[in-house]
Amino acid sequence: MNLQTLEKSLYDLITETSTNLPKDVRRAIKKAKEAENAGTRAAMSLETISNNIIMAEDNVSPICQDTGLPTFKIYTPVGVNQLEIKEAIKKAINDTTADAKLRPNAVDSLTGANSGNNLGDGLPVMKFEQWEKDYITIKLILKGGGCENKNIQYSLPCELEGLGRAGRDLDGIRKCILHSVYQAQGQGCSAGFIGVGIGGDRSSGYDLAKEQLFRHVEDTNANPDLAKLEEYVVKTANTFGIGTMGFGGEATLLGCKIGVMHRIPASFYVSVAYNCWAYRRMAVDINPETGEIINWHYQEGEKITFKDEVAATAEETSTNVVELTAPITEEQIRSLKVGDVVSITGRMYTGRDAIHHHLMSHDAPVDLNGQVIYHCGPVMAKDEEGNWTVKAAGPTTSIREEPYQGDIMKKFGIRAVIGKGGMGPKTLAALGEHGGVYLNAIGGAAQYYADCIKGVDGVDLMEFGIPEAMWHLNVEGFTAVVTMDSHGNSLHADVDKSSLEKLALHAERVF
């Protein structure tokens, strides 16, 4: 095999997966847009998502800033050298990371050091399987941390909040899958997709669940019972009112795919792999002699570009927006309430897990009084002059910072925090006590928000790695929604409560 050609084919596969959503996913998002009520927060979110899809494709830049953990499934004919393929994959991962198609995301679990090239012990994940066909098929999924953290596994029988007892039968499986959608809320960047694995052990069950995410969104399960269950789950989940980003709305789940395998008598697992709307998976067939791509998967049917729809909606949309310029006063913050849309201009600082942990016991490297912290690990690159530029900059899931956020806001005088998925009671209490606000940006919309960043004014704590450093960003017209205010209101808590009530309506046996 020509290894140089194979490396180029893999480079193209990774780039396409990161920057261009497949046709079937685009059609599912369009269907969600058509089901949503005009003028709602959910409709606005779906419009931002559509814009982001366009920008990522046009710019050949990441749809979402979170590379996740690249996972390859490789099928090879007998006699093909799998070691060569492994090395070619590693080279392609290194090169696409260097070219800012992927964010450096591989972190040493003991030291916290970022390798800088997405390579490390066990990374990327590569699973090989031999088959009788005369070509190679390589599948790739980029599944970000926000949705990966909402994966869940159930051991039947079990008790489920809102649904009661789930037994070792098809109806118990049904309850587990519905509960998996409820527990994800907006933290996994809904509206999402789920892969479900029934049976196996704890590890093989999750593998089977993730394998389902390679199926076409519009296919029909060969097992009639599972086909019926897949359809039921999507229809029912979309009555929960969780909606896009957890803002409430009609579109909560865009697809459900279920696989089944045998198990041992003592164990009955239902494993769910949750995937966000930025459903980045692709596959290619490769000539084992030349290393060339001979076929791209997921090419069937119409490709939705969203360009005409976005242009038409932009002409019709009129939303009252509160303009804010950092630093922000307490008086301005206390005038905001849940549901307000704000547009921020000026300086904001990124801060994720490492920064929050650091600030609990250290001084801040800059004056944060009145400032904005953005839960974001951007994709960064240097231009020809050696200056940092932002290639992708969507929000990360905020709930991870719940142990720290309120204390840090009060300690340093921070007035606003931007992230996705909401935060908990400790942060909500601090917002009221201190005079702060939580703003929800649209998860996965990495190109949309990168376009709002007009310059990088500096960076601190680079020893934590690019995603975890504190970047000083000069922003203009950065739009987000108030979902937790200084008056004790939380949209996230309200949606969680109402969706649990709707979930409970499905406790009775169906299958």
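Contact here means heavy atoms within 4.5 Å. Keep in mind for every view below that the model is predicted.

**View 1. Helix α6 meets helix α8.** Residues L170, I173, R174, I177, L178 and V181 of α6 touch D225, L226, L229, Y232, V233, T236 and A237 of α8. Sorted by type, the residues of this contact come out as ten nonpolar, one polar and two charged. The helices themselves span residues 170–184 (α6) and 224–237 (α8), and their axes come within 10 Å, crossing at roughly 35°. The crossing is right-handed.

**View 2. The four-strand sheet and the helix lying on it.** Here the strands line up as β4-β9-β7-β8 in an open sheet with mixed pairing. β4 (152–155) and β8 (253–260) each have a single partner strand, so they sit at the edges with one side lacking a neighbour in the sheet. From one strand to the next, the twist averages 15°. α6 turns up again in this view: it lies across β4, β7, β8 and β9 (269–275), running at about 150° to β4.

**View 3. Zooming in on β7 and β8.** Strand β7 covers residues 192–198 and runs parallel to β8, with seven bridges joining the two. One pairing to look for is I198, whose bridge partner in β8 is V260.

**View 4. The five-strand sheet with helices α1 and α7.** This open sheet follows the order β2-β1-β3-β10-β11, again with mixed pairing. At its edges are β2 (125–131) and β11 (293–296), each pairing on one side only. Ignoring direction, neighbouring strands are turned by 20° against each other on average. Helix α1 (residues 3–19) lies across β1 (71–77), β3 (136–142), β10 and β11, at about 155° to β10. Helix α7 (residues 202–212) lies across β1, β2 and β3, and its angle to β1 is about 85°.

**View 5. The β10–β11 pair.** Three bridges hold the antiparallel pairing of β10 (residues 280–286) with β11. Within it, D285 stands opposite N295 of β11.

**View 6. Domains and the annotated span.** The domain assignment splits the protein into domain 1 (1–143 + 282–314), domain 2 (145–277) and domain 3 (319–495). The centres of domain 1 and domain 3, taken over C-alpha atoms, are 28 Å apart. Their contact draws 20 residues from domain 1 and 26 residues from domain 3. In an unreviewed UniProt entry, residues 9–284 carry the annotation "domain: Fe-S hydro-lyase tartrate dehydratase alpha-type catalytic". That span, 9–284, is 38% helix and 21% strand, and its end C-alpha atoms lie 9 Å apart.

Key: Residues numbered from 1 in each chain as written. Predicted model: local features only at pLDDT ≥ 70, side-chain atom pairs only at ≥ 80, totals over all residues. Heavy atoms only, no water. Axes fitted to C-alpha atoms, helices over the stretch in contact; angles between N-to-C directions. Left-handed = near helix turned anticlockwise from the far one by under 90°. Nonpolar A, V, L, I, M, F, W, Y, C, P; charged D, E, K, R; others polar. UniProt positions renumbered as here; feature names shortened; annotations may be inferred. Pairing = 2+ DSSP bridges. Domains from an automatic or database assignment.
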